[in-house]
Amino acid sequence: VSQITLSLATPGSVSVSLSKTANWSIALEVRNKSRIAVEIWNAGFWPNHRWKLVDSVGTPVPLTSLGEAGARRFGAPNRDKNVRILLAPGKKFRYSTPPINLAFKLKPGTFQLSIVYRDTSNSKPLEVSSKPIRVVVGR
């Protein structure tokens, strides 16, 4: 599992982890590692998240039409939902991405996947990028 830690404008920190699941989705976990409650917002996957999948030489993997439509929603100010999540110290929030095989035109090979989370809808804008995880697509 790849993990990063980020510092917020408040005196707290949050860790974000990525891990693979069996159904082509990626599990994301946000954990509050601070001593105070931390507020994050989730407007669904596409408005808050942009993912980057590259092959073994760093070439971006092309998106499917679904992936292109989702990518256009990243950072969109007009959202149909926006859920506030208040994480108490030591608590975590876990959720999954859409299946990556629906968003990318995958071929057999080894890839690196990273995800950017961005939220600018509240008074404390936040953007963080995960460290990449290895994704292997078999024949």
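Is S130 buried or exposed? The tour of this predicted model returns to that residue at its final stop.

**The whole chain**

Begin by displaying the entire protein chain, whose secondary structure comprises three helices and ten strands. Followed along the sequence, the elements run β-β-β-β-α-β-α-β-β-α-β-β-β. The chain has 139 residues, and 45% of them count as buried. Its accessible surface is about 7900 Å², with 53% of that area belonging to carbon and sulfur atoms. Among contacts between residues at least 6 apart in sequence, 68% join residues at least 24 apart.

**Confidence**

Next, colour the chain by pLDDT. The average is 75, and 76% of the residues score at least 70. Select helix α2 (residues 65-72), which has the highest mean among the elements, 90; strand β1 (residues 2-7) has the lowest, 32. Over residues 1-13 the pLDDT is below 50, although this stretch has 45 contacts in the model beyond near neighbours in sequence.

**Strand β3 and its partner**

Now select residues 26-32, which form strand β3. Six of its seven residues are buried, so the strand is largely enclosed by the rest of the structure. Add strand β7 (residues 92-96) to the selection: β3 and β7 pair in the antiparallel sense over five bridges. Within this pairing, L28 stands opposite Y95 of β7.

**T97, after β7**

Move on to T97, in the loop between β7 and α3 (100-103). Which residues does T97 contact, leaving aside its neighbours within four places in sequence? They are S25, I26, L28, F45, W51 and I115. Two of the residues to highlight here, I26 and L28, fall within the range of β3, residues 26-32. The relative accessibility of T97 is 3%; because the cut-off for buried is under 20%, T97 counts as buried.

**S34, after β3**

Return to β3 and continue to S34, which sits in the loop between β3 and β4 (38-42). S34 is buried as well, with a relative accessible area of 10%. Display its side chain to see two links. One is a polar contact of 2.6 Å with the side chain of N32. The other involves a polar atom of the S34 side chain, which lies 2.7 Å from the backbone oxygen of I36. For a view across the fold, select L87 too: S34 and L87 are 53 residues apart in sequence, and their C-alpha atoms are 9.8 Å apart in space.

**The nonpolar core**

Which residues touch the most other members of the largest nonpolar core? Select I40, W51, I100, F104, L113 and Y117, which do so within a core of 26 residues. Strand β8 (residues 109-119) gives the most to this core, with four residues. Then centre the view on I100. Not counting residues up to four places away in sequence, I100 touches W24, I26, W51, L106, L113 and V135. W51 and I26 appear here again, having been met among the contacts of T97.

**Final stop: S130**

Finally, select S130, in the loop between β9 (126-129) and β10 (133-137). The opening question can now be settled: S130 is buried, because its relative accessible area is 11%. Keep W51 in view for comparison. S130 and W51 are 79 residues apart along the chain, while their C-alpha atoms are separated by 9.5 Å.

Methods
Residues are numbered from 1 along each chain as its sequence is written. This is a predicted model: local features need pLDDT of at least 70, side-chain atom pairs count only at pLDDT 80 or more; totals for chains, interfaces and linings use all residues. Side-chain values use heavy atoms; hydrogens and water are left out. Buried means under 20% relative accessible area, exposed over 50%, partly exposed in between (1.4 Å probe, protein chains only). Helices (H or I, at least four residues) and strands (E, at least two) are DSSP runs, numbered from the N terminus. Two strands pair if DSSP finds at least two bridges between them. Contact means heavy atoms within 4.5 Å. Accessible areas come from the Shrake-Rupley method with a 1.4 Å probe; for residues, only the protein chains shown count as cover. pLDDT is the predictor's confidence in each residue, from 0 to 100. A polar contact is a pair of N or O atoms within 3.5 Å; within protein, one must be able to donate a hydrogen and the other to accept it, and residues adjacent in sequence count only if both atoms are side-chain atoms. A nonpolar core is a set of buried Ala, Val, Leu, Ile, Met, Phe, Trp, Tyr and Cys residues joined through side-chain atoms within 4.5 Å.
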